[in-house]
Amino acid sequence: MSIRQSEIDKAAEKFKALLTAQCARAERMKNPPARKDGKEKIRIGLIDGDGIGPIIVRQAKKVLSSLLKEETESGKAELVDIDGLTLENRLRSGASVPEDILEKIKTCDVLLKGPTETPKGGTMESANVTLRRELDLFSNVRPVRIKEEGIEWTFFRENTEGEYVLGSSGIEIPGLLAFDFKVTTDEGTRRIARAAFDFAKKNGKTHVSIVTKANIMKKTDGKFSELCREVATEYPDITVEDYYIDIMCANLVNKDIRSKFQVFVLPNLYGDIITDEAAQLQGGVGTAGSANIGSEYAMFEAVHGSAPRLIAEGLGEYASPESILRAAAMLLSHVGYAEKSERLNRALDETSSRLVCNGTKEGVTAEEYGNAVLAAL
């Protein structure tokens, strides 16, 4: 047997194991755990993360402590610091999310998480990908507003499948090729589609865009589009259109047509990319929050990463906390404190209209921005 044939046989065995595991995952999704409703106490886990994470999360902790003072004192809510989800600790343990930290996380109902860094190369998975899988946070929700144009977009990105579910499990034939995998399940697609259409119906939205590359990725993206269309038949009052990801990226920068879009539903990778573009149109990735929602848990975070460049240049204290504070507002709404969420968003609007916090010494520091938000509250 040739060396190449031996390598192919090993790769085939690995693929068989991956396929078996993904089939089992797809079967488990048919019976999700019950949603945690009506709890006497809401446990909110707070995770600093890497790079600028501790700097911006510090401001979110202050704001949440202020807004939830009455609830924490009465025992209705608890703010729980979860330490150790740092790159150094993850590298030391060899796990993207060390088991002891995951156990602490699972004692909480919702999380506010700072950005975490993922090593380039190697096999260590992103902490975000691990948490989304372990907590089954299948729905990534990212709202974007362009106020001067009256635009309110809401993106529903499938959060546990696509290129990400096996992103650290590819196959390589050294010196010849590398192979990665993309996974789309029926149940995974139906539940993100239903989340998008339910949101549209409840919020008076009349247009949902399905965004794929189904003309090229015919099996995976073709299935995603087909199943979203199937779910759409349950919502006859909502207009549904299919778009390819490349033209949708162009549409979002086209001021002549972009105001017609309202709700988007996308597979994982496309949602990751296009929501950064949308956030930039809003005012920058530092202005957007993000929600990761499942049947049992929810995690809220900034759209941006850990910004190692700012840390390397000694500018970490000038990182904007607006994105993590927008995520905190989404968290408050999710756990039933809609009025506090609205107050926080108004305070952020007011503060951002007066202060510039943009990662340079020409702007204010994260501390100054956070104090201004508290004052506005």
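In the predicted model, strands S5 and S10 run parallel and are joined by four bridges, and within this pair Phe155 stands opposite Phe264 of S10; two strands are taken as paired if DSSP finds at least two bridges between them. Helices (H or I, at least four residues) and strands (E, at least two) are DSSP runs, numbered from the N terminus. The structure is a predicted model, for which local features need pLDDT of at least 70 and side-chain atom pairs count only at pLDDT 80 or more, whereas totals for chains, interfaces and linings use all residues. Residues are numbered from 1 along each chain as its sequence is written, and side-chain values use heavy atoms, with hydrogens and water left out.

Strand S5 (151-158) also pairs with S4, here in the antiparallel sense and over eight bridges, with Arg157 in S5 as the bridge partner of Asn140. The hairpin formed by S4 and S5 has four residues between the strands, and Gly150 there takes a positive phi near 70°. Seven of the eight residues of S5 are buried, so that the strand is mostly covered (buried meaning under 20% relative accessible area, exposed over 50% and partly exposed in between, with a 1.4 Å probe and protein chains only).

These strands belong to an open sheet of ten strands with mixed pairing, in the order S2-S1-S3-S12-S11-S4-S5-S10-S8-S9. Its edge strands are S2 and S9 (239-244), each of which pairs on one side only, and the twist from one strand to the next averages 20°. Elsewhere in the sheet, S3 (residues 110-113) and S12 (residues 298-302) run parallel and are joined by four bridges, with Val110 opposite Ala298 in S12.

Two helices lie across strands of this sheet. Helix H7 lies across S4, S5, S8, S9 and S10, running at about 160° to S5, whereas helix H10 (residues 268-282) lies across S4, S5, S8 and S10, running at about 25° to S4. Axes are lines fitted to C-alpha atoms, for helices over the stretch in contact, and angles run from 0 to 180 degrees between N-to-C directions.

Helix H7 (residues 186-202) packs with helix H8 (residues 220-232) at an angle of about 50°, with their axes 9 Å apart. The two helices are therefore oblique to each other, given that angles under 35 degrees count as roughly parallel, over 145 as roughly antiparallel, 65 to 115 as roughly perpendicular and the rest as oblique. Residues contributing to the contact (heavy atoms within 4.5 Å) include Ile192, Ala193 and Phe197 of H7 and Phe224, Leu227 and Val231 of H8. The contact residues divide into eight nonpolar, one polar and five charged, where Ala, Val, Leu, Ile, Met, Phe, Trp, Tyr, Cys and Pro count as nonpolar, Asp, Glu, Lys and Arg as charged, and the others, Gly among them, as polar.

Helix H9 (residues 245-252) packs with H10 at an angle of about 10°, with their axes 10 Å apart, an arrangement that makes H9 roughly parallel to H10. Ile245, Met248, Cys249 and Leu252 in H9 meet Tyr270, Ile274, Glu277, Ala278 and Leu281 in H10, and this contact has eight nonpolar, no polar and one charged residues.

Gly75 is found in the loop between helix H3 (69-74) and strand S2 (77-81), and is partly exposed, with a relative accessible area of 28%. Leaving aside neighbours within four places in sequence, Gly75 is in contact with Glu40 and Lys41; Gly75 and Glu40 are 35 residues apart in sequence and 8.3 Å apart in space, C-alpha to C-alpha.
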